[in-house]
Amino acid sequence: MEIISGQPRRRALVVGLGISGITAALQLRRIGWEPVIVEKAPRRRSGGYFVGLFGAGKAAADRLGLLDGLHDRTPAATHLDLDRSGSRGAALSFRDLPGLPWLMVRGDVEQAAFEKLPHDVEIFYSTVPTEIEQDADGVDVTLVNIKDQSVTTERFELVVGADGLRSTVRSLVFGPHSAYLRRLNHMIAAFEVPGTLGDLGRGQGGTLLEPGRSMWVFAFSDHNPTVLLSYASGDVDAEFLEPPAQRIRRVFGPEPLGRTLAAAVTALETADDLLFDSVEQVRMDQWHRGRVVLVGDAAWCVCLYAGMGVSAGLSGADMLGMMLERHPDDMKRAFCEWERKLRPYIDYYQRIGIEQRQFFTPDSHRRIAVRRAMARLNAGTAGRVLHYVNARTKATRMKEVDIAGT
Ligand SMILES: Cc1cc2nc3c(=O)[nH]c(=O)nc-3n(C[C@H](O)[C@H](O)[C@H](O)COP(=O)(O)OP(=O)(O)OC[C@H]3O[C@@H](n4cnc5c(N)ncnc54)[C@H](O)[C@@H]3O)c2cc1C
């Protein structure tokens with residue numbers, strides 16, 4: 001155990017090297033703990049899909065000291081409404097959602113946070129927890145290296161589960177996934193595309209909407225575009241019975257797909273880092289049990305349609321550190337106050353996660369027609385009025401608020 005100014009640092013295990021895990025470790029270190037991180041993957045990931053960072057996330061990133069390492073990659077070109085025949089019109093983009101998010105990729109936030117992590121924080125890759133046993137004074141965690149199968153058991157004062165939607169920490173300590181995961185009956189495929197795509201020029205994004213299925217091309221000012229294919233599914237288990245590329249061709253068929261959708265489907269087949277998954281939320285009444293606490297998607301996954309997972313992860317980790325610092329000898333109180341303050345925001349983000357399914361993938365021709373009418377309004381002078389109204393909605397307030405600072 002490391003000794004700092006005569007005081008031994010308290011050891012905490014952080015499981016997961018995503019945005020929530022890195023920033024939780026950063027905060028623990030700042031308040032005098034010794035975080036040790038374990039990550040299932042063999043190395044730190046980079047790149048990743050498109051994310052929007054709203055005010056809540058920017059405020060937390062600022063306090064965590066990583067805002068300087070981030071920048072808005074919003075492109076100058078307008079977002080287009082596409083169809084298979086190649087016609088184009090004005091479209092509502094992610095930026096037209098309430099709030100004024102910065103656009104970037106997930107890896108931007110992970111990289112900015114990782115750069116702030118002190119070099120002597122230990123990180124063990126290819127390592128997962130397999131048993132977690134706690135008593136009043138500490139937590140014994142059995143860790144397995146999945147490469148060489150070596151096993152160790154170590155004792156910590158605190159365990160932070162930041163291991164994402166299908167969290168192992170959650171299943172070991174709180175119970176099976178089935179008790180907490182709520183399917184939204186939608187599937188997604190997300191991946192980066194080198195260069196440009198189909199009819200779209202450099203820095204040009206677009207959306208192709210059809211009832212129950214959609215393609216979003218997120219363009220950036222200074223980064224390759226990323227694609228999101230999203231569709232409704234009546235049988236999520238069956239979605240995984242064939243390879244993703246084959247499934248996507250079936251769902252978005254029949255041919256012809258049109259130039260841009262065809263290019264996206266072809267790019268998916270050779271994508272380095274394809275995410276193909278069902279869209280789910282995590283619903284839990286309590287995010288802590290004894291000395292184990294969950295943060296980020298592991299605790300509350302709000303899902304991509306909310307556009308608030310990164311902001312919530314940053315805010316959650318930021319405030320967790322603040323509460324542990326405020327109540328150093330009363331972990332239970334720290335966790336309870338943290339949850340009490342954070343939960344109203346998470347509940348709200350989960351609600352918009354469900355509502356905004358229709359923004360990403362409208363389910364009917366009628367909704368698509370309304371959406372096109374709104375896009376036309378938005379492109380004209382009425383757009384300024386819409387933005388003025390949007391800026392004053394509850395949704396904007398909840399997304400832009402500095403949660404820990406309230
Ligand atoms: C397509 C898409 C678009 C999105 N768009 C947005 C957006 O616009 N705005 C926004 O705010 N959010 C968005 N999100 C959500 C956001 O990306 C997530 O909420 C956020 O990245 C979650 O971070 P996390 O660190 O909590 O979890 P994760 O990113 O899932 O990280 C978990 C980490 O734990 C590791 N791990 C898993 N299991 C184990 C184990 N057993 N042992 C050790 N390590 C383990 C994983 O390898 C990973 O490194 C989007 C998500 C998707 C899928």
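The following exercises, each with a worked solution, concern a predicted model of a protein with a bound ligand.

**Exercise 1. Determine whether Thr23 is buried or exposed, and describe its surroundings.**

Step 1. Locate the residue: Thr23 belongs to helix α1, which covers residues 19–30.

Step 2. Consider its accessibility. The relative accessible area of Thr23 is 0%. Buried means under 20%, and Thr23 is therefore buried.

Step 3. Identify the contacts. Apart from neighbours within four places in sequence, Thr23 touches Leu64, Leu66, Ala113, Gly313, Leu314 and Ala317.

Step 4. Examine the polar side-chain atom. A polar atom of the Thr23 side chain lies 2.6 Å from the backbone oxygen of Ile19.

**Exercise 2. Describe how the protein surrounds the ligand.**

Step 1. Establish the shell. The ligand is surrounded by 34 residues, and the closest are Ser20, Glu39, Arg45, Asp297 and Val310.

Step 2. Assign the shell to elements. At least two residues each come from α1, β5 (50–53), β10 (127–134), β14 (181–192) and α8 (309–326).

Step 3. List polar contacts. Arg45 places a polar side-chain atom 2.7 Å from an oxygen atom of the ligand. The backbone also takes part: a polar backbone atom of Lys40 is 3.0 Å from a nitrogen atom of the ligand, and a backbone N or O atom of Gly52 is 2.8 Å from an oxygen atom of the ligand.

Step 4. Consider the covered surface. The ligand taken alone exposes 1,000 Å², of which the protein buries 90%.

**Exercise 3. Determine which residues of helix α2 are buried and what covers them.**

Step 1. Define the helix: α2 comprises residues 55–64.

Step 2. Assess its cover. Eight of the 10 residues are buried, and the helix is mostly covered. The buried residues are Gly55, Ala56, Gly57, Lys58, Ala59, Ala60, Ala61 and Leu64.

Step 3. Identify the covering elements. These include α1, β5, β8 (102–105), α8, α9 (331–355) and α13 (394–400). One contact already met in Exercise 1 joins Leu64 to Thr23.

Step 4. Inspect the end of the helix. Gly65 follows α2 and has a positive phi, near 85°.

**Exercise 4. Locate the cis peptide bonds between α5 and α6.**

Step 1. Take Pro254, in the loop between α5 (244–252) and α6 (259–269). A cis peptide bond, with omega about 0°, links Gly253 to Pro254.

Step 2. Continue to Pro256, which also has its place in the loop between α5 and α6. Here a cis bond connects Glu255 and Pro256, again with omega about 0°.

**Exercise 5. Compare the backbone and accessibility of Ser126 and Asn185.**

Step 1. Read the backbone angles. Although neither is a glycine, phi is positive in Ser126, at about 50°, and in Asn185, at about 55°.

Step 2. Place the residues. Ser126 sits in the loop between β9 (122–124) and β10, whereas Asn185 is in strand β14.

Step 3. Classify accessibility. Ser126, at 6% relative accessibility, counts as buried. Asn185 has 42% and is therefore partly exposed.

**Exercise 6. Describe the nonpolar surface patch that includes Tyr388.**

Step 1. Name the members: Val385, Tyr388 and Val389 make a nonpolar surface patch of about 310 Å².

Step 2. Locate Tyr388 in helix α12, residues 382–390.

Step 3. Classify Tyr388. Its relative accessibility is 53%, so Tyr388 counts as exposed.

Step 4. Apply helix geometry. An α-helix has 3.6 residues a turn, so residues three or four places apart point the same way.

Methods: Residues numbered from 1 in each chain as written. Predicted model: local features only at pLDDT ≥ 70, side-chain atom pairs only at ≥ 80, totals over all residues. Heavy atoms only, no water. Helix = DSSP H or I, 4+ residues; strand = E, 2+ residues; numbered from the N terminus. Buried < 20%, exposed > 50% of the residue type's maximum accessible area, 1.4 Å probe, protein only. Polar contact = N/O pair within 3.5 Å; in protein donor to acceptor, adjacent residues only side chain to side chain. Contact = heavy atoms within 4.5 Å. Patch = residues over 30% accessible without salt bridge, like charges linked within 9 Å, V, L, I, M, F, W, Y side chains within 5 Å. Areas by Shrake-Rupley, 256 points an atom, 1.4 Å probe, with all protein chains shown as cover. Salt bridge = Lys/Arg side-chain N within 4 Å of Asp/Glu carboxyl O. Near = heavy atom within 4 Å.
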